[in-house]
Amino acid sequence: MALKILFSPSESKISLNTNDKFDGKNLIFPKLFSKRAEILNKYDEFLKSANLDQIKKLFGLKELEDSKQLRESLFQKGSIKAILRYDGVAYKHLNYRGLSDDAQKYIDNN
């Protein structure tokens with residue numbers, strides 16, 4: 001039996017632009033991708049049609065500047081693995097980028 005690794009999301013994130021578009025191929029439970037895509041499409045539609053106050057309420061923000069980037073489809077934005085996006089204390093100590101390829105693969109699969 002393999003050890004499963006659980007890391008909670010971190011508030012601190014790396015602002016990293018990639019050209020990898022979100023396609024769901026690398027997600028766990030790929031059979032659920034159509035359901036995920038349905039939810040993301042609803043989210044995209046909300047961002048296109050909502051006013052700024054509605055978006056601030058959704059995210060619990062007091063301040064937010066309206067921009068083209070805010071309303072861009074998630075399917076058009078670059079994507080990156082969460083283990084590379086998050087930058088909190090636990091992620092820094094894990095040092096994923098500094099691990100061997102075998103260790104990274106183990107983490108990716110578990």
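**View 1. The aromatic pairs, beginning with Tyr86, which counts as buried at a relative accessibility of 19%.** This predicted model places Tyr86 only just on the buried side, because buried is taken to mean a relative accessible area under 20%. Tyr91 is likewise classed as buried, with a relative accessible area of 10%. The structure holds 2 aromatic pairs. One of them joins Tyr43 and Phe59, whose rings meet edge-to-face, with 6.5 Å from centre to centre and 80° between the planes. This pair connects distant parts of the chain, since Tyr43 belongs to helix H1 and Phe59 to helix H2 (residues 52-59), with their positions 16 residues apart in the numbering. Tyr43 is partly exposed at a relative accessible area of 27%, and Phe59 is also partly exposed, at 41%. Tyr86 and Tyr91 form a pair as well, with ring centres 5.6 Å apart and planes at 40°, so this pair is described as tilted.

**View 2. The two ends of helix H2, with Asn51 as the cap at the N-terminal end.** A side-chain oxygen of Asn51 lies 3.0 Å from the backbone nitrogen of Asp53. The side chain of Asp53 takes part in a further contact, a salt bridge with Lys56 in which nitrogen and oxygen are 3.5 Å apart. Lys56 and Asp53 are 3 residues apart in helix H2, a separation of about one helical turn. An α-helix has 3.6 residues a turn, so residues three or four places apart point the same way. The two partners nevertheless fall into separate accessibility classes: Lys56 counts as buried at 18% relative accessibility, whereas Asp53 counts as exposed at 54%. Just after H2, the backbone of Gly60 adopts a positive phi of about 70°.

**View 3. A salt bridge within helix H1, formed by the side chains of Lys42 and Glu38.** The distance from nitrogen to oxygen in this contact is 3.9 Å, which remains inside the limit because a salt bridge is counted within 4 Å. Both residues lie in helix H1, where they are 4 residues apart, or about one turn of the helix. Lys42 is exposed, with a relative accessible area of 59%, while Glu38 is partly exposed, with a relative accessible area of 40%.

**View 4. A salt bridge between a loop and helix H5, formed by the side chains of Lys81 and Asp108 at 2.9 Å, N to O.** Lys81 is found in the loop between H2 and H3, and Asp108 in helix H5 (residues 101-109), so the contact ties together parts of the chain that are 27 residues apart in sequence. Lys81 counts as partly exposed at 40% relative accessibility, and Asp108 is partly exposed with a relative accessible area of 40%. In total, the structure holds 4 salt bridges.

**View 5. Ser73 in the loop between H2 and helix H3 (82-85).** The side chain of Ser73 reaches the backbone nitrogen of Phe75, at a distance of 3.1 Å. Ser73 counts as buried, with a relative accessibility of 16%.

**View 6. A nonpolar patch on the surface, made by Leu3, Ile5, Phe7 and Tyr106.** The patch covers about 360 Å². Phe7, one of its members, lies in the segment before helix H1 (33-49), and counts as partly exposed at 36% relative accessibility. Phe7 can be considered for such a patch on grounds of accessibility because patch residues must have over 30% relative accessible area.

**View 7. The chain as a setting for the close-ups, with 5 helices and 0 strands.** Followed along the sequence, these elements give the pattern α-α-α-α-α. The radius of gyration of the chain is 17 Å, well over the 13 Å that the globule rule gives for 110 residues, so the chain is more spread out than a compact globule. Taken along the principal axes, the C-alpha atoms fill a box of roughly 45 × 30 × 25 Å. Buried residues account for 20% of the 110 residues in the chain; among them are Tyr86, Tyr91, Lys56 and Ser73.

Definitions and conventions
Residues numbered from 1 in each chain as written. Heavy atoms only, no water. Patch = residues over 30% accessible without salt bridge, like charges linked within 9 Å, V, L, I, M, F, W, Y side chains within 5 Å. Areas by Shrake-Rupley, 256 points an atom, 1.4 Å probe, with all protein chains shown as cover. Buried < 20%, exposed > 50% of the residue type's maximum accessible area, 1.4 Å probe, protein only. Phe/Tyr/Trp six-rings, centres within 6.5 Å; stacked < 30°, edge-to-face > 60°. Polar contact = N/O pair within 3.5 Å; in protein donor to acceptor, adjacent residues only side chain to side chain. Rg over C-alpha atoms; globule rule 2.2 N^0.38 Å.
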